[in-house]
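Trainee: I am new to this structure and would like a close look at a single part of it. Could you choose one strand, take me through its surroundings with care, and then show me how other parts may be read in the same way?

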Number of protein chains: 2
Amino acid sequence: MNNLLLAQSGGPTAAINATLAGVLEMAFKREEVDIVYGAVNGIQGVLEHHIIDMREKIKGEADLKKLCMTPAAALGSCRLKLKRMEEDESEYQKIIQFLQEKEIHYFIYIGGNDSMDTVHKLSLYCEKKGIKDIFITGAPKTIDNDLMGTDHSPGFGSAAKYIATTFAELERDCHVYSLKAVTIVEVMGRDTGWLTASSALSRMNGGKGPDLIYLCEVPFDMNHFIEDVRAKLKIADSVLIAVSEGIKNKEGFYLSQEMQSKTVDAFGHTIISGAARVMESCVRNEIGCKVRSVELNLMQRCAGHLRSGVDIEESKKLGELACKCAIEGQTGIMSAIIRESDAPYEIQYKAIPVDEVANKVRSVPRDYINKEGNDVTDKMLSYLYPLIQGEALVHFHHGIPDYFYF
Amino acid sequence: MNNLLLAQSGGPTAAINATLAGVLEMAFKREEVDIVYGAVNGIQGVLEHHIIDMREKIKGEADLKKLCMTPAAALGSCRLKLKRMEEDESEYQKIIQFLQEKEIHYFIYIGGNDSMDTVHKLSLYCEKKGIKDIFITGAPKTIDNDLMGTDHSPGFGSAAKYIATTFAELERDCHVYSLKAVTIVEVMGRDTGWLTASSALSRMNGGKGPDLIYLCEVPFDMNHFIEDVRAKLKIADSVLIAVSEGIKNKEGFYLSQEMQSKTVDAFGHTIISGAARVMESCVRNEIGCKVRSVELNLMQRCAGHLRSGVDIEESKKLGELACKCAIEGQTGIMSAIIRESDAPYEIQYKAIPVDEVANKVRSVPRDYINKEGNDVTDKMLSYLYPLIQGEALVHFHHGIPDYFYF
């Protein structure tokens, strides 16, 4: 038997199931592959031997299409990161032993930075142990768009489209009163400002979009911020502001850090939120006008009803490529996108070594942000624009989207 | 000259411009009407003599269609409530004098409870003063769905569709990890739970939807709530909760009141928000599992990209009717919907005396809520279901909705 295993990991996105559908489509049609397994809850499911036969769940073209349109990881996710091999080999042994037991020769892992770390470590482990018949590849996924080696990441375009659309709508909402008012919208992005930057795309059809944009790549200064807001309030009643959840001051502390508990997640990341709330208090105290904060929160990553056509198509293709590479004997690679041109938008798909990706972060280049650090430049807009084009329309039934349920 | 004036007021919705389009379509085609004026920022614009000629802004069918698809009040809004006539007649005099000066005989005001109060007071004033050639009518609008006299209110169906869709998506997002976790989602609704109830429509396509639903019509008890959550956590990893922003304890205090400043808005309403945050802290302290709160905030009222086809059609028709009634000599009325049947969904449009509407609140009947006060009943679902049917698709351009800008 020559079986294949796939799994999903990391935070949900609106496109990760499109990548899953891509892997499945490829796996189902390749005659090298016998059983196609899915692990429930990522690598944790592999460790717990919790796998399912995907052909029993996905019965045909219609199921595959519905899966492709469904947000959040259908197979479940986890936040488990493998220990360093040098520290503890037991998890590695357990995983590989299980794969061998189930005659699994191909393992495709869809996820972000931490998942690519798993692909990297497992493929290194196989190399070290001389295991030559298990091929491990990754397909990228992250709304944060912070993966190295790929021009952009599946899920980002859809989240960016949601954010751009929502800012266009919030702008209209905020504009209706003639009262001086400030609205601060917090966008996801722990370490990078890509998502927050996409709020600027709300200007494409004549809207003014956000008046101020603060990304976490530029150290945040509260006094400058208050000056910026005062200046904008002089020329407009309604000031709309986009801010990354992860903005930090010049000492490197999260703006929200003082307000937060010192809790960390399973990866040791500090749990942050509330940058906009801190800024809100400051505007209230310093300026005294009407002010409110809004968090786009989970909605920005799971809005399956509003997805980028480009993103969904690419997400699927990247799944197909990661699957194809494994079947054809590659290991330790991730499928990626290389951009050839912005306009017309042209890309190539390519397999890249996963060690170029794992545990790295692709930040926004400084010249994508204006000199003052409170808006983006045309370079950023040219980069972002193609990624939100097209609408991957979901089918509605009973008035709500008709998503796939296992 | 026989001119017409229209204005919008109250909080923005995704459907209020559809009502505006309905008024305009009717006004433009009736030969009784000469100039069609729009007041900028509602009745405040009338007081400040800030009006525009609508034919200069809306040049044809295409503009009208685009306007119909655009969220938030295109003419701007205000929060101005007229003083009681007995207290101070000066605003009334100023308004009527301006209408007479501009030869305006028809005034159509689109808005919620407070706007209907204005329609009521102004028409009473005209009656008292023997002014027989000014006809004042209202067209309803409020996402809160709390207007008396009409089966439901324009804007509500679209907000309900957004909420139902978002809960279907949040459910999937929350479900991906195998960790015990509670997600508390706060929905708008200061005095009534209609919007929060519509989260239950997320169950229509096989999803479990929210595990618990708390509306402001039932006094909230924190101990019962914690018991409810504990019981749900026994049978599921992920517990999703919908709660009205305006829930109060049995003493009638807003749950969030202690956490809030004592600020009130221009109408004297207490500014509330943060019920979900209070509940979040409680779950963290009492149960200790992972817990987070999410506010649907402004997005739920301005999501023009996700609107109910039924809502948009009805919103337009109610604008047409309010306009027609004024032109045909009625005053002090509001256009309303009378429901004849749930399934098949059948309604009639009717003009009702506006004093049946002004300053009243239509709460959720107790039998629309389950005995335990933590979910809705089938009666509620039968009521809500028809209102979110159909999709009023917006045209996308450059990857974002192509909305109307004056």
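Mentor: Before we begin, a residue is called buried when its relative accessible area is under 20%. Please keep in mind that this is a predicted model, and that what follows describes the model.

The part I have chosen is strand 8 of chain A, residues 238–244. Seven of its seven residues are buried, so this strand is largely enclosed by the rest of the structure. The enclosure can be followed on both faces of strand 8 of chain A: on one side A:Ser238, A:Leu240, A:Ala242 and A:Ser244 are buried, and on the other side A:Val239, A:Ile241 and A:Val243 are buried too.

Turning to the strands that pair with strand 8 of chain A, we may start with strand 6 of chain A, residues 181–187, which runs parallel to strand 8 and is joined to it by seven bridges. Within this pairing, A:Val185 has A:Ala242 as its bridge partner, and A:Ala242 is one of the buried residues just named. Strand 7 of chain A, residues 212–214, also pairs with strand 8 in the parallel sense, here over three bridges, and A:Tyr214 stands opposite A:Val243 of strand 8. The path between these two elements passes through helix 9 of chain A, residues 222–235, and strand 7, helix 9 and strand 8 together make a right-handed β-α-β unit.

For a view of another sheet, look at chain B, where seven strands form an open sheet in the order 3-2-1-4-5-10-11, with mixed pairing. Its edge strands are strand 3 (51–53) and strand 11 (346–353) of chain B, each of which pairs on one side only. On average, neighbouring strands of this sheet are turned by 30 degrees against each other, direction ignored. Helix 6 of chain B, residues 113–128, packs on the sheet and touches strand 4 (104–111), strand 5 and strand 10 of chain B, while its direction makes about 165 degrees with that of strand 5. Strand 5 (residues 135–140) and strand 10 (residues 333–341) of chain B run parallel and are joined by two bridges, with B:Thr137 standing opposite B:Ile333.

Finally, there is a pocket to find: the second largest one has a volume of about 480 Å³. It is lined by 23 residues, and those nearest its centre are A:His175, A:Val176, B:Ala73, B:Ala74 and B:Gly76. Helix 7 of chain A, residues 156–175, gives the most to this lining, with three residues.

Technical notes. Residues are numbered from 1 along each chain as its sequence is written. Chains are lettered from A and ligands numbered from 1 in the order in which they are written. This is a predicted model: local features need pLDDT of at least 70, side-chain atom pairs count only at pLDDT 80 or more; totals for chains, interfaces and linings use all residues. Side-chain values use heavy atoms; hydrogens and water are left out. Two strands pair if DSSP finds at least two bridges between them. Helices (H or I, at least four residues) and strands (E, at least two) are DSSP runs, numbered from the N terminus. Axes are lines fitted to C-alpha atoms, for helices over the stretch in contact, and angles run from 0 to 180 degrees between N-to-C directions. Contact means heavy atoms within 4.5 Å. Buried means under 20% relative accessible area, exposed over 50%, partly exposed in between (1.4 Å probe, protein chains only). A crossover is right-handed if, with the strands pointing away from the viewer, the path from the first strand over the helix to the second runs clockwise. On a 1 Å grid over the protein atoms alone, a cavity is a set of points where a 1.4 Å probe fits but cannot get out, and a pocket is an open set with protein on both sides within 12 Å along at least five of seven lines; lining residues have an atom within 4 Å of a point. Grid points are joined across faces, edges and corners, and a volume is the space filled by probe spheres set on the points.
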